Amino acid sequence: MRSIWNGAISFGLVSIPIKLVNATESHAISFRQIHTEDGGRIRYRKVCELEDREVTQGEIGKAYEDADGTMIPITEDDLSHLPIPTARTIEIVAFVPEERIDPLQMDAAYYLAASGAPAAKPYTLLREALKRSNRVAIAKYALRGRERLGMLRVVGDAIAMHGLLWPDEVRAPEGVAPDTDVTVRDQELDLADALMDTLGEIDLADLHDEYREALEEVIAAKAAGEAPPESPEPARSGKVLDLMAALENSVRAARESRGEEGEAAEVRTLRKTAAPRTPKETGGKKSTSTAARKTAAKKTSAAPKKSTAARSAKKTAARTTAKKATAKDTAAKSTAKSTGKSTAKKTASRRRSA
């Protein structure tokens with residue numbers, strides 16, 4: 001990584017030679033300006049007003065414009081000899097807990113790289129001291145023509161510096177919050193907590209720039225002479241008339257997106273009931289209403305059993321009667337047969353004797 005500034009960290013009487021390196025980089029897609037009629041590039045040329053000609057970068061310097069329009073040239077040598085100790089030094093002025101720093105003051109981030117072997121020992125000393133104290137260093141430094149405020153902290157095995165805005169550069173949030181009285185109910189807070197719990201945490205490394213990816217698809221499609229992909233239908237939004245319903249739907253949708261079930265039941269349990277439950281009687285006795293319900297249930301369940309038993313008894317009795325009648329008929333038939341046979345034998349014997 002290319003350094004953008006060379007200097008030293010002033011840590012009391014200890015001086016640590018360092019190089020300043022950008023800690024972040026932009027992956028945003030940049031565009032060129034073109035003439036829409038013919039696609040020609042639009043370029044900005046640096047022209048000297050007095051000579052009316054284009055000048056090169058080497059011919060360009062800096063100047064301060066006075067109130068009357070007079071230009072006061074300022075050279076790099078002038079800037080390097082400013083009468084301040086922070087011209088080429090990151091001067092540590094205090095050590096404070098990190099939570100004392102308002103995130104609104106955070107600006108650009110840099111890595112401080114040790115410059116050469118002699119800087120290794122004091123660099124490591126400052127890093128370990130910051131680790132053990134659980135504090136950050138507040139420093140002043142000069143960069144790009146102005147003195148700035150910075151915060152030094154440990155990132156891995158390196159020391160990082162965050163540029164900080166001066167306190168008077170942070171605006172107060174006047175006129176930002178709602179100016180009307182709003183009452184938030186406990187049930188609404190419960191559902192908001194449930195929604196936060198459902199969304200849960202996330203590893204920031206899993207997040208990516210979807211806008212840039214979509215823009216790359218559009219550029220690739222147009223470069224190939226194809227139609228760019230269509231954008232999905234945006235979700236319809238409207239006025240939130242029922243905040244509780246909106247929160248419940250949000251919790252349900254979040255759980256469905258994570259493949260969880262039982263959303264509605266879990267959402268309802270977050271609401272507080274209007275009336276308290278009737279306490280149970282002491283001594284392990286059940287309440288009268290509960291006993292009455294159970295007795296009625298027993299009677300109701302016993303009635304079908306009795307009617308079923310009666311029907312079964314009737315069917316059994318009918319079957320027994322039918323069997324007895326069949327037996328009587330069979331006996332009568334056998335008796336009649338035997339009587340007929342004996343009568344026929346007696347008649348035959350009388351005929352032979354005659």
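Which residues in H3 are buried? In this predicted model, they are Glu188, Leu191, Ala194, Leu195 and Thr198, and the second view below takes a look at them.

**View 1. The whole chain, for orientation.** We're looking at a predicted model with seven helices and 11 strands. Of the 354 residues in the chain, 16% count as buried. Take the contacts between residues at least 6 apart in sequence, and 59% of them join residues at least 24 apart. The chain exposes about 28,600 Å², with carbon and sulfur atoms supplying 54% of that area.

**View 2. Helix H3 and its buried side.** H3 runs over residues 186-199, and its 14 residues should span 20 Å at 1.5 Å a residue; the end C-alpha atoms sit 20 Å apart, so the two agree. Glu188, Leu191, Ala194, Leu195 and Thr198 are the buried ones here. They take up an arc of only 120° around the axis, which means they lie on the same side of H3. That fits the usual pattern: an α-helix has 3.6 residues a turn, so residues three or four places apart point the same way. Flip to the other side of H3 and you find Met196 and Asp197, both exposed. Just past the helix, Gly200 adopts a positive phi of about 65°.

**View 3. The largest nonpolar core.** Twenty residues make up this core, and the ones touching the most other members are Ile9, Ile18, Ile90, Leu112, Leu126, Leu152 and Met161. Two or more residues come from each of strands E1 (3-11), E2 (14-22), E7 (89-97), E8 (106-114), E9 (135-143) and E11 (158-164), and from helix H2 (120-133). E9 is the top contributor, giving four residues. A second, separate core has seven residues, among them Val96, Val136, Ile138 and Met151.

**View 4. A closer look around Leu126.** Which residues does Leu126 contact once its neighbours within four places in sequence are left aside? The list reads Ile9, Phe11, Ile16, Ile92, Phe95, Leu152 and Ile159. Among these, Ile9 and Leu152 also appear, along with Leu126, in the set touching the most other members of the largest nonpolar core.

**View 5. The low-confidence stretches.** Average pLDDT for the chain is 76, and 70% of the residues score at least 70. Over residues 262-314 the pLDDT is below 50, though this stretch does have 23 contacts in the model beyond near neighbours in sequence. Residues 331-354 also stay under 50, and for them the model has zero contacts beyond four places in sequence.

Terms used. Residues are numbered from 1 along each chain as its sequence is written. This is a predicted model: local features need pLDDT of at least 70, side-chain atom pairs count only at pLDDT 80 or more; totals for chains, interfaces and linings use all residues. Side-chain values use heavy atoms; hydrogens and water are left out. A nonpolar core is a set of buried Ala, Val, Leu, Ile, Met, Phe, Trp, Tyr and Cys residues joined through side-chain atoms within 4.5 Å. Buried means under 20% relative accessible area, exposed over 50%, partly exposed in between (1.4 Å probe, protein chains only). Contact means heavy atoms within 4.5 Å. The expected span of a helix is 1.5 Å times one less than its number of residues. The arc is that of the directions from the helix axis to the C-beta atoms. pLDDT is the predictor's confidence in each residue, from 0 to 100. Accessible areas come from the Shrake-Rupley method with a 1.4 Å probe; for residues, only the protein chains shown count as cover.
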